[in-house]
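Let's take a walk through the side chains of this protein and see who pairs up with whom. Have the sequence and the 3D view ready.

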Amino acid sequence: MDKFTNSAWFMRIVAFALAALLFISINFEMESDKKSLGLSTAPEISTETIENVPVEVYYDRENLVVSGVPETVDVTLKGAKSLLINAKNQRDFKVYVDLSDPAISMGDRTVTFKISDLNEKLVATIDPEYAEVNVQERVTKEFSVEAEYNSSLLEEGYTAGQPTVSPKTVKITGAKDAIEQISYVKANLEISKGLNETVNSKATVKALDRDLNKLDVTIEPSSVAVSLKVSIPSKTVSIAPKQTGKAKDGIRITSISVDPKEVTLFGSETSLEKIDEINLPVNISKIDGDTELELDLNKPDSVQKMSLGKAQVKIRTEKVDVDEENAEPVVEEEEPETEQKQEEQVVEEKPEPEEEDEPAAIESKTFNNIQIVPVGIQDDQDAELESDVTSITLLGEADDLKKITKDDINLTVDVSNLDEGTHDVDLAVTVPEGVEWELDSKTVSVTITQKDEET
């Protein structure tokens with residue numbers, strides 16, 4: 001064994017083996033290092049498409065407006081897979097359009113997309129390759145804002161006034177061509193169906209051309225405050241008590257009055273025009289004497305609401321002797337007379353008493369806004385009434401009341417003996433015969449002043 005190990009050939013073989021192992025080890029480590037550094041002599045080539053890459057536009061933003069540049073493009077990269085993965089994840093490259101040249105001309109232009117900050121070992125393809133853009137002078141102009149809303153969304157019977165806007169004007173900036181196309185500047189107020197109250201809200205401002213197409217401009221402020229006053233028409237009418245049923249035997253209705261005498265109705269103007277009074281049926285069949293009732297007011301179908309739902313009714317009566325009313329007259333028997341006496345005497349026949357009709361029921365009718373006329377004004381004086389109209393309620397039989405109109409009623413106040421100052425003066429009332437009247441106030445305040453002397 002010692003002889004074999006001491007052989008020259010043995011030593012040569014061992015040395016060769018060690019040299020081969022060393023070569024293989026060193027070569028393997030170098031190959032690994034190259035791969036880790038991307039320096040492989042045969043790298044894996046691939047492609048990767050990155051979608052929706054933002055596009056930046058470089059131009060004079062203070063004086064120009066550029067339109068037509070898409071917001072994003074798609075970029076396809078080609079190169080080593082490791083570099084592609086890094087570029088896709090980092091997205092540290094930029095796609096841009098350069099219009100920063102001060103000498104750039106206005107109007108339509110075709111521009112090519114460019115890419116920057118991309119690894120030089122990657123090849124990029126941009127889709128689309130170019131864009132048709134428009135370069136215009138930047139213009140700012142002030143416009144008035146008009147608010148609008150959908151009136152069909154108002155609750156039935158309600159109306160709305162003209163909406164008010166604050167601020168009333170806005171500044172609109174954009175391309176000169178776009179500014180010249182502006183025909184309307186609208187702030188659309190969003191409301192919900194069944195609106196029945198005033199609205200105060202914000203509304204976005206839009207600039208529109210003559211065909212109501214929205215224009216690509218900048219509006220400052222972009223929204224405005226809009227106030228829309230919503231209300232419902234109203235009308236005050238009289239409450240007219242209407243007697244129903246038949247009074248009990250021995251009871252006569254002398255008057256029926258209602259408090260309050262008026263009610264305010266709310267609804268559409270066309271509906272209110274047709275209503276002059278609200279009838280209040282009063283059933284007298286169970287009335288035994290003077291009575292006060294609280295009765296419901298019937299709301300007409302065409303009316304949205306009323307200011308009150310009930311009214312107090314005051315009924316005044318009187319007792320009637322039924323036996324006396326229905327008793328037949330008693331005819332006394334006369335003693336027979338001789339023919340001579342019958343011939344000599346002229347028998348005076350008394351007419352039989354007519355049966356009295358049952359007294360007609362008393363009803364009431366209220367007239368509103370009756371003019372009060374001052375009379376007896378001195379030439380050197382002026383007379384001013386605190387109120388020159390009032391309401392009057394007439395009491396009488398239904399047939400008589402039906403014939404009476406406002407023209408049959410005269411209210412006057414005599415100011416002939418009044419000195420300068422304010423006085424409470426009695427009203428003089430003239431109404432047709434057969435009816436009685438009631439006033440809320442039997443006096444009116446009158447102010448007497450001296451006329452200025454003409455020079």
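A charge sits over a ring if NZ of Lys or CZ of Arg is within 6 Å of the ring centre and within 35 degrees of the ring normal. Here, K305 lies over the face of F266, at 5.3 Å from the ring centre.

Some housekeeping before we go on. This is a predicted model, where local features need pLDDT of at least 70 and side-chain atom pairs count only at pLDDT 80 or more, while totals for chains, interfaces and linings use all residues. Residues are numbered from 1 along each chain as its sequence is written, and side-chain values use heavy atoms, with hydrogens and water left out.

**Rings together**

A pair of aromatic rings is described by the distance of the centres and the angle of the planes. Rings of Phe, Tyr and Trp (its six-membered ring) pair if their centres lie within 6.5 Å; planes under 30 degrees apart are called stacked, over 60 edge-to-face, and the rest tilted. How many aromatic pairs turn up in a search of the whole structure? Just one. The ring centres of Y58 and Y96 are 5.4 Å apart and the planes are at 40°, so this pair is tilted. Y58 belongs to strand β1 (residues 45-58) and Y96 to strand β4 (residues 94-98), so the pair links distant parts of the chain, 38 residues apart. Helices (H or I, at least four residues) and strands (E, at least two) are DSSP runs, numbered from the N terminus.

Are these two tyrosines buried or exposed? Buried means under 20% relative accessible area, exposed means over 50%, and partly exposed is in between (1.4 Å probe, protein chains only). Y58 is partly exposed at 32%, whereas Y96 is buried at 18%.

**Opposite charges**

Side chains of opposite charge can pair when their charged atoms come close. For a salt bridge, a side-chain nitrogen of Lys or Arg must be within 4 Å of a carboxyl oxygen of Asp or Glu. By this rule there are seven salt bridges, and the table shows some of them, including the closest N and O distance.

| Lys | Acid partner | Closest N and O atoms |
|---|---|---|
| K88 | E48 | 3.0 Å |
| K186 | E146 | 3.1 Å |
| K310 | D296 | 2.3 Å |

K310 is in strand β24 (residues 310-319) and D296 in strand β22 (residues 291-296), so their bridge ties together parts 14 residues apart in sequence. K310 is partly exposed at 42%, and D296 is partly exposed at 47%. Elsewhere, salt bridges that share partners join E146, E148 and K186 into one network. Within that group, K186 is buried, with a relative accessible area of 12%, while E146 is partly exposed at 41%.

What about E48 and K88? E48 is partly exposed at 28%, and K88 is partly exposed at 37%.

**One more lysine**

K242 lies in strand β18 (residues 234-244) and is partly exposed, at 31% relative accessibility. Contact means heavy atoms within 4.5 Å. Which residues does K242 contact, leaving aside its neighbours within four places in sequence? They are E277, N279, L280, P281 and V282. The C-alpha atoms of K242 and I256 are separated by 8.7 Å, and these residues are 14 residues apart along the chain.
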